[in-house]
Amino acid sequence: MTPTTVRVLRLLALLQDRAHTGRELAERLDITDRTLRNDIQRLRELGYPVQAQRGAIGGYRLGRGTTMPPLLLDDDEAVAVAVAVGLAEDGATGIADISDNVTRALAKLDQILPKRLQRKVIALREATAIGPATTGSREPDAPVPAAVLTALAGAIRDGATVFIDQIDPEQRAEVEPYRLINWQRRWYLVAYRLETHSWSAIPVARIQQASPGSRRFAARALPDDDLVAFVMRHIASTGWKVHARVTVLAPAETVIARINPAVGVVEAVDADTCVLLTGADALETIAIYLSMLMMDFRVDGPPELVAHIRTLARRYTEATAP
């Protein structure tokens, strides 16, 4: 690229960040005011709606045009966009009629991503499986650091152990990572814990840092042929702040067909009765799940859930009273 082209691209990157005064831009780019005005005009001719405002707080900024001009992204932004688009292609958005557009956008990104960034994106994409879609109430998001996700994905790709520093509970452990599961905007790591010699579905939101481990490892026999199902069972039995035991007056297979795998584990009692072990981050969410069953049930515990459902029953009764 010519020096002029390089300079104009640097100017565009600055304008995409925020508004700048003419003096700030000229000093950052080490050019004269006249050259700056010429470069601003070049951007406008290329379709970038650069707006100018006079006065003490005036300056230049990018406005909204009638067409979509190219964007300049830094490394972290490019990886973030590519990962988000990749998840959308896998159906994580729940939107049915954008798949073709998402596929084309992802192909364009893959074509221009530098190799060093493409390796990160591909590693995360190939290491991730998407959990089942759900209906009704959704639990609060549990955001995770992008650096942790890319470090875990790279370790999965390389078949290398990784040290994870967890919060809640606070601990450091070396694990063999096998799969990342994305469900309801939450992330889980399927890993084999070397200190306990056991499989676990670790909430990535609890991982503060992930750093390279001490060795490569040979793949073990997995705890389940379907690791998404493995994580769903783990979430249902241990992954929530509140857990409940509910007796449902219906056959186990009927309840299993009705609920999402992450809502709970169903155990048959007899031909007409089963026990549902379920959980959520709030009592209110469990109550919503139970109402969506559309079956008769009895809450065995905890007492707080029993009290909450009694309150709901009173409100519903009063709401329908003549």
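**Close-up views of a predicted model**

**View 1. The β10–β11 hairpin.** In this predicted model, β10 and β11 form a hairpin, with two residues between them. Strand β10 covers residues 264–270. The two strands run antiparallel and are joined by six bridges. Val 266 stands opposite Leu 276 in β11.

**View 2. Strand β11 and its other partner.** Strand β9 spans residues 242–248. Seven bridges pair β9 with β11, again in the antiparallel sense. Here Thr 247 faces Val 275 of β11.

**View 3. The enclosure of β11.** Strand β11 runs over residues 273–280. Seven of its eight residues are buried, so the strand is largely enclosed by the rest of the structure.

**View 4. The largest nonpolar core.** This core holds 32 residues. Leu 152, Leu 180, Leu 189 and Val 204 touch the most other members. Elements that give two or more residues include the helices α4 (75–89), α5 (99–112), α6 (115–127) and α7 (146–158). Strands β4 (160–166), β5 (171–183), β6 (186–193) and β8 (207–216) do so too. The most comes from α7, with six residues.

**View 5. Around Val 204.** Residues up to four places away in sequence are not counted here. Val 204 touches Val 144, Val 148, Leu 149 and Leu 152. Val 204 also touches Leu 180, Trp 187, Tyr 188 and Leu 189.

**View 6. Another core.** Apart from the largest nonpolar core lies another, of 20 residues. Among them are Val 266, Cys 274, Tyr 289 and Leu 293. Val 266 is also the residue opposite Leu 276 in β11.

Conventions: Residues numbered from 1 in each chain as written. Predicted model: local features only at pLDDT ≥ 70, side-chain atom pairs only at ≥ 80, totals over all residues. Heavy atoms only, no water. Buried < 20%, exposed > 50% of the residue type's maximum accessible area, 1.4 Å probe, protein only. Helix = DSSP H or I, 4+ residues; strand = E, 2+ residues; numbered from the N terminus. Pairing = 2+ DSSP bridges. Core = buried A, V, L, I, M, F, W, Y, C linked by side-chain atoms within 4.5 Å. Contact = heavy atoms within 4.5 Å.
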